[in-house]
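Subject: Structure for your review

Dear colleague,

Please find below the structure that I am handing over to you, together with its sequence. My account of what was found in it follows.

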Amino acid sequence: MNPQVEKSTHLNQDIFQKIAGHEQVVFCNDPSSGLQAIIAIHDTTLGPALGGTRMYPYKSVEEALEDVLRLSEGMTYKCAAADIDFGGGKAVIIGDPKHDKSAGLFRAFGQYVDSLNGRFYTGTDMGTTMEDFVHATKETNFINGIPVEYGGSGDSSVPTSQGVIYGLKATNRFLFGDEDLSKRTYAIQGLGKVGYKLANRLLEEGANVIVTDIFEEAITRIKERANELGTTVTVVSSEEIYRTDADIFIPCAMGGIINDQTIEQLKVKAVVGSANNQLKSNHHAKRLQDRGILYAPDYIVNAGGLMQVADELYGPNEDRVLLQTKTIYQTLLEIYEQANLKFITTLEAADEKCQKRLQEQRHRNNFYSRSRRPKWDIKE
Ligand SMILES: NC(=O)C1=CN([C@@H]2O[C@H](COP(=O)(O)OP(=O)(O)OC[C@H]3O[C@@H](n4cnc5c(N)ncnc54)[C@H](O)[C@@H]3O)[C@@H](O)[C@H]2O)C=CC1
Ligand SMILES: O=C(O)CCC(=O)C(=O)O
């Protein structure tokens with residue numbers, strides 16, 4: 001028997017089963033900077049992959065792989081729903097963002113991104129900042145969401161939080177008949193780049209705001225802001241946030257927080273937040289619906305950052321991005337209405353919209369693609 005064939009039949013296929021559905025997964029290992037990262041490219045039907053890079057102290061490589069696979073798949077849907085010509089990708093760096101960052105680590109990461117030659121564009125996500133990516137831009141052009149003074153469009157959490165505000169207004173209209181932000185109580189999990197901006201805006205509007213964060217500095221910052229505004233903010237523990245008497249729960253930290261345990265505790269009427277992959281599993285959308293809790297699909301509501309970083313490649317333009325983030329209001333209302341009409345979950349309604357766009361584009365790619373011109377078209 002051909003030794004090569006024999007070897008392949010004994011190969012452990014688990015990893016390929018795990019990444020089935022993904023086009024490419026790249027493991028990046030640079031001992032000199034300590035970089036250990038995974039880049040996942042899910043689907044490039046709509047264009048090159050695009051998605052932020054998360055830095056998190058994952059307990060295992062399996063956990064990091066799991067996260068990046070789900071996150072990159074989510075980006076395919078996010079691009080499709082927002083009518084953006086990019087595909088789904090994402091990266092994770094294994095490490096503690098408070099202690100393990102260095103210029104060298106982000107430069108090494110930039111080199112890996114560059115090696116993909118435009119198949120993957122990236123920028124910030126949870127645990128990373130625009131400043132981190134300034135280092136990466138010294139090694140590659142495929143970075144977006146960089147500071148304005150470096151020619152970028154700036155902090156993408158600004159349009160992300162703006163998009164969530166449109167999502168909250170649409171949800172208020174659907175549930176309560178008016179979009180007024182000030183009349184309700186909101187429970188925010190995570191006061192980082194997006195969560196802080198939301199808490200600040202809701203406090204400015206005069207709403208009741210309940211918050212939690214695992215970092216004391218984040219709590220101190222929002223308390224000080226509430227003081228400045230002459231109002232108060234209620235602080236609860238990480239566990240209590242699920243049990244508050246709020247109208248809307250706003251997850252702005254890790255994914256998987258809507259699960260068997262937390263759904264039973266929720267007293268809110270809706271879940272509308274920025275966190276990626278809020279549902280532990282897709283069936284939790286049905287569980288929320290059964291409990292009478294309206295779920296705003298995360299990849300619809302949190303697309304503001306994507307809209308900005310995708311737009312940045314045409315030259316930064318704040319007004320254009322703002323116009324795009326406004327579409328989140330209408331898109332979300334349509335999804336709520338479709339779900340009601342068809343007796344399906346809001347997640348199913350959102351997924352249907354994405355599948356339709358992906359199908360159309362797949363057909364267009366087969367029907368006409370410049371990259372598939374016949375060879376005899378080339379002049380010698
Ligand atoms: N930054 C952006 O523009 C976008 C962010 N997202 C998603 O939104 C979420 C938040 O992103 P960022 O604000 O950029 O991240 P960030 O890293 O700036 O903030 C996350 C905050 O959550 C806190 N946190 C972590 N675990 C927690 C827990 N168990 N309970 C309470 N707080 C906890 C952290 O201490 C931190 O303050 C992430 O899921 C991210 O993927 C999605 C789209 C765009
Ligand atoms: O928000 C960004 O900076 C890029 C898009 C992204 O990674 C996301 O929407 O999760």
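**Helix packing around H13**

Helix H12 (residues 304–312) and H13 cross at roughly 150°, and their axes come within 9 Å. Please bear in mind throughout that this is a predicted model. The crossing of H12 and H13 is right-handed. On the H12 side the residues that meet H13 are Gly-304, Met-307, Gln-308 and Asp-311. Their counterparts in H13 are Arg-320, Val-321, Gln-324, Thr-325, Thr-327 and Ile-328. Sorted by class, this contact has five polar, three nonpolar and two charged residues.

Helix H13 (residues 318–342) also packs against helix H6 (residues 157–176), at an angle of about 35° and with the axes 8 Å apart. This crossing, too, is described as right-handed. H6 contributes residues including Pro-159, Gln-162, Tyr-166, Lys-169, Arg-173 and Phe-174. From H13 come, among others, Val-321, Leu-322, Thr-325, Ile-328, Tyr-329, Leu-332 and Tyr-336. The contact of H6 with H13 divides into eleven nonpolar, six polar and four charged residues. Val-321, Thr-325 and Ile-328 are thus listed in the contact with H6 and also in the contact with H12.

**The parallel sheet**

Six strands form an open sheet with parallel pairing, in the order E9-E8-E7-E10-E11-E12. Strand E9 (234–235) and strand E12 (294–295) are at the edges with a single partner strand each, so one side of each has no neighbour in the sheet. Helix H7 (residues 193–204) packs on this sheet and touches strand E7 (185–189), strand E8 (208–212) and strand E10 (248–251). The direction of H7 makes about 165° with that of E7. Towards the E12 edge, strand E11 (residues 270–271) runs parallel to E12 and is joined to it by two bridges. Val-271 has Tyr-295 of E12 as its bridge partner.

**The hairpin of E1 and E2**

Strand E1 (residues 24–30) pairs with strand E2 (residues 35–43) in the antiparallel sense, over seven bridges. Within this pairing, Gln-24 stands opposite Ile-41 of E2. Four residues lie between the strands of the hairpin, and Gly-34 takes a positive phi near 85°.

**The cavity**

Rolling a probe the size of a water molecule over the atoms shows where empty space is left. A search of the whole structure finds one cavity of 30 Å³ or more, and the volume of the largest cavity is about 40 Å³. Its lining consists of Leu-71, Gly-74, Met-75, Lys-78, Asn-276, Asn-277, Asp-298 and Tyr-299. Helix H3 (61–81) and helix H11 (298–301) each supply at least two of these lining residues. The largest share, four residues, comes from H3. By class, the lining has three nonpolar, three polar and two charged residues.

**The loop after H3**

Asp-85 is found in the loop between H3 and strand E5 (87–94). Apart from neighbours within four places in sequence, Asp-85 is in contact with Leu-46, Gly-47, Pro-48 and Arg-357. Asp-85 and Met-126, which are 41 residues apart in sequence, have a C-alpha to C-alpha separation of 23 Å.

With kind regards

Note on methods. Residues are numbered from 1 along each chain as its sequence is written. Chains are lettered from A and ligands numbered from 1 in the order in which they are written. This is a predicted model: local features need pLDDT of at least 70, side-chain atom pairs count only at pLDDT 80 or more; totals for chains, interfaces and linings use all residues. Side-chain values use heavy atoms; hydrogens and water are left out. Two strands pair if DSSP finds at least two bridges between them. Contact means heavy atoms within 4.5 Å. Axes are lines fitted to C-alpha atoms, for helices over the stretch in contact, and angles run from 0 to 180 degrees between N-to-C directions. On a 1 Å grid over the protein atoms alone, a cavity is a set of points where a 1.4 Å probe fits but cannot get out, and a pocket is an open set with protein on both sides within 12 Å along at least five of seven lines; lining residues have an atom within 4 Å of a point. Grid points are joined across faces, edges and corners, and a volume is the space filled by probe spheres set on the points. Ala, Val, Leu, Ile, Met, Phe, Trp, Tyr, Cys and Pro count as nonpolar, Asp, Glu, Lys and Arg as charged, and the others, Gly among them, as polar. A crossing is left-handed if the near helix is turned anticlockwise from the far one by less than a right angle, and right-handed if clockwise.
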